[in-house]
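User: I'm new to reading protein–DNA models. Could you walk me through one, step by step?

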Protein chains: 2
Amino acid sequence: MLTIGKLGEAAGVKVPTIRYYEQIGLLPEAERSAGNQRLYGRKAQERLAFIRHARDLGFTLEAIRDLLSLSDRPDQSCAAADAIAKAQLAEVESRLARLTALKTELERMVVQCAGGSIADCRVIEVLSDHSLCATDHRHPESEVQS
Amino acid sequence: MLTIGKLGEAAGVKVPTIRYYEQIGLLPEAERSAGNQRLYGRKAQERLAFIRHARDLGFTLEAIRDLLSLSDRPDQSCAAADAIAKAQLAEVESRLARLTALKTELERMVVQCAGGSIADCRVIEVLSDHSLCATDHRHPESEVQS
DNA sequence: CCTAATGTCTCTAGCAACTATAGCTTCAAG
DNA sequence: CTTGAAGCTATAGTTGCTAGAGACATTAGG
C-alpha cells in the first residue's frame, strides 16, 4: 500500500491532483490508514496511470471518465472507446491545422520586422489589420487546453 | 458611435467579452449615453480589432496588454514587440511539436483497433500502458489554450 | 522516548478567458 | 404606447488544476 505521495511519485501526478481526481469521482475514495491518511493499492495505481496517460494524450477528464467506465466492462463492444479516440484525433488534427496557420502568420510577422520603431513595426501593424495576413487563421471552434 | 452590440458584431467579439475586456482594463471605460449605455468610437473599434486579432493568433491577454501599451508609444523601439511575437511563435512551435506526437499516437491507437470487445481494445490497452507507445508524448511544460 | 522535519489532512480561494444567469432598465419600431 | 430586443450590473460557473492556511500523522535522528 502506497501513501498518496508515493503514488503521485510513481505515476508522475502531483498529490493535490490525486485528491482532486478523487473529489470529482475519477478515482474512487481511497482506503484510509488508522491516522486517516489515504492508502492505495495496485488497482488505484493502474487507474491513475491510465488517467495520466490519457491526459498526456490530451483527452479531457470527461472523455477519460467515459473511457474508464468502458474499461470496467471488458465484455462490451469497443466501438464507444474507438469513437472517443477518433473524436480526440479529430480534435488534435483540427488544432494542428490551426496552429500551423498561426505559425505561418507569426513567422511572417517576425521576419518582416525590420527592428525600427514601433511606428513601422510589422508586428503591431499586422495585428492592427487582419487583411495583411496571408492565411485565414480565424478562431474556428472553441478550443481549450493542450 | 456604436452600441456595444454593434461593436461586437463588427469586431466578431461577443458582448459579454467586450464588457469583460473593459473590466480587466484591456479596453478603456467606454463613454456612456444618457441612458447609461456604452458607446464606442473608431478608436475603441480599432483597439478591439487589435485584441481580437491577437487573440486569434493565440497571444494571451497579458501579452496583448503589453503589445497595446507598446502600440501607444509609436516612437519607441519595436524590440519589445518583436520579442513578444517571437515568444509566441516559439510557444506555437512547441505546441505544434507536441500535438504532432499526439496525433501519431492517436492514429496508431485508432488504426490498431480491430473493433472487437473492450477486452481486446487497443485504445484501452494503449492508454493503460505507455510502453506500448511509439513516441514520447509526455507532458513537457505547462500548456494552455489555443 | 522526545523532538524536529516532513508528509498528510481539510477547506478555501485563485488562475485564464471567458460564458451564463438573474433581474432590472432603456431603446427603437409599430 | 406598448412590446420586444438590447442594454445594464452583479454573481457564479466552466476546465484542470495549483496554492495557501492551519491542524494532525508519521518517521528519522539523537
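Analyst: Sure! Let's start at the DNA: helix 2 of chain B gives the largest share of the surface near DNA strand C, with three residues. Keep in mind that this is a predicted model.

User: How many residues surround DNA strand C, and which are the closest?

Analyst: There are 18 around DNA strand C, and the closest are A:Thr3, A:Arg19, A:Arg38, B:Tyr21 and B:Arg55. Sugar and phosphate make up 88% of the strand's atoms that come within 4 Å of the protein.

User: What classes of residue does the surface near DNA strand C have?

Analyst: Sort them by class and you get nine polar, five charged and four nonpolar residues.

User: Where do I look for polar contacts with a phosphate oxygen of DNA strand C?

Analyst: Look for pairs of N or O atoms within 3.5 Å. In this model, a side-chain N or O atom of A:Arg32 sits 3.0 Å from a phosphate oxygen of DNA strand C. From the other chain, B:Tyr21 places a polar side-chain atom 2.8 Å from a phosphate oxygen of that strand. The backbone can do it too: an N or O atom of the B:Gly35 backbone is 3.1 Å from a phosphate oxygen of DNA strand C. As for elements, those giving two or more residues to this surface are helix 1 (4-11) of chain A and helix 2 (15-23) of chain B.

User: Now away from the DNA. Is B:His53 buried or exposed?

Analyst: The trick is to check the relative accessible area: under 20% means buried. B:His53 has 3%, so it is buried. This histidine belongs to helix 3 (residues 42-56) of chain B, and its side chain reaches the backbone oxygen of A:Val126 at 3.1 Å. Its contacts beyond four places in sequence include A:Leu127, A:Asp129 and A:His130.

User: And A:Gln88, buried or exposed?

Analyst: Same test: its relative accessibility is 7%, so A:Gln88 counts as buried. You'll find A:Gln88 in helix 5 (residues 79-112) of chain A. Leaving out residues up to four places away in sequence, it touches A:Leu57, A:Gly58, A:Phe59 and, across in the other chain, B:Leu106.

User: Last one: what turn lays chain B on chain A?

Analyst: The idea is to superpose one copy on the other and look at the movement needed. Here it's a turn of 180 degrees with a shift of 0.0 Å along the axis, giving an RMSD of 0.2 Å. The copies are therefore related as by a two-fold rotation axis. Both copies use the same surface, too: 100% of chain B's contact residues recur in chain A.

Technical notes. Residues numbered from 1 in each chain as written. Chains lettered and ligands numbered in written order. Predicted model: local features only at pLDDT ≥ 70, side-chain atom pairs only at ≥ 80, totals over all residues. Heavy atoms only, no water. Least-squares fit on C-alpha atoms with pLDDT ≥ 70 in both. Contact = heavy atoms within 4.5 Å. Near = heavy atom within 4 Å. Polar contact = N/O pair within 3.5 Å; in protein donor to acceptor, adjacent residues only side chain to side chain. Helix = DSSP H or I, 4+ residues; strand = E, 2+ residues; numbered from the N terminus. Nonpolar A, V, L, I, M, F, W, Y, C, P; charged D, E, K, R; others polar. Buried < 20%, exposed > 50% of the residue type's maximum accessible area, 1.4 Å probe, protein only.
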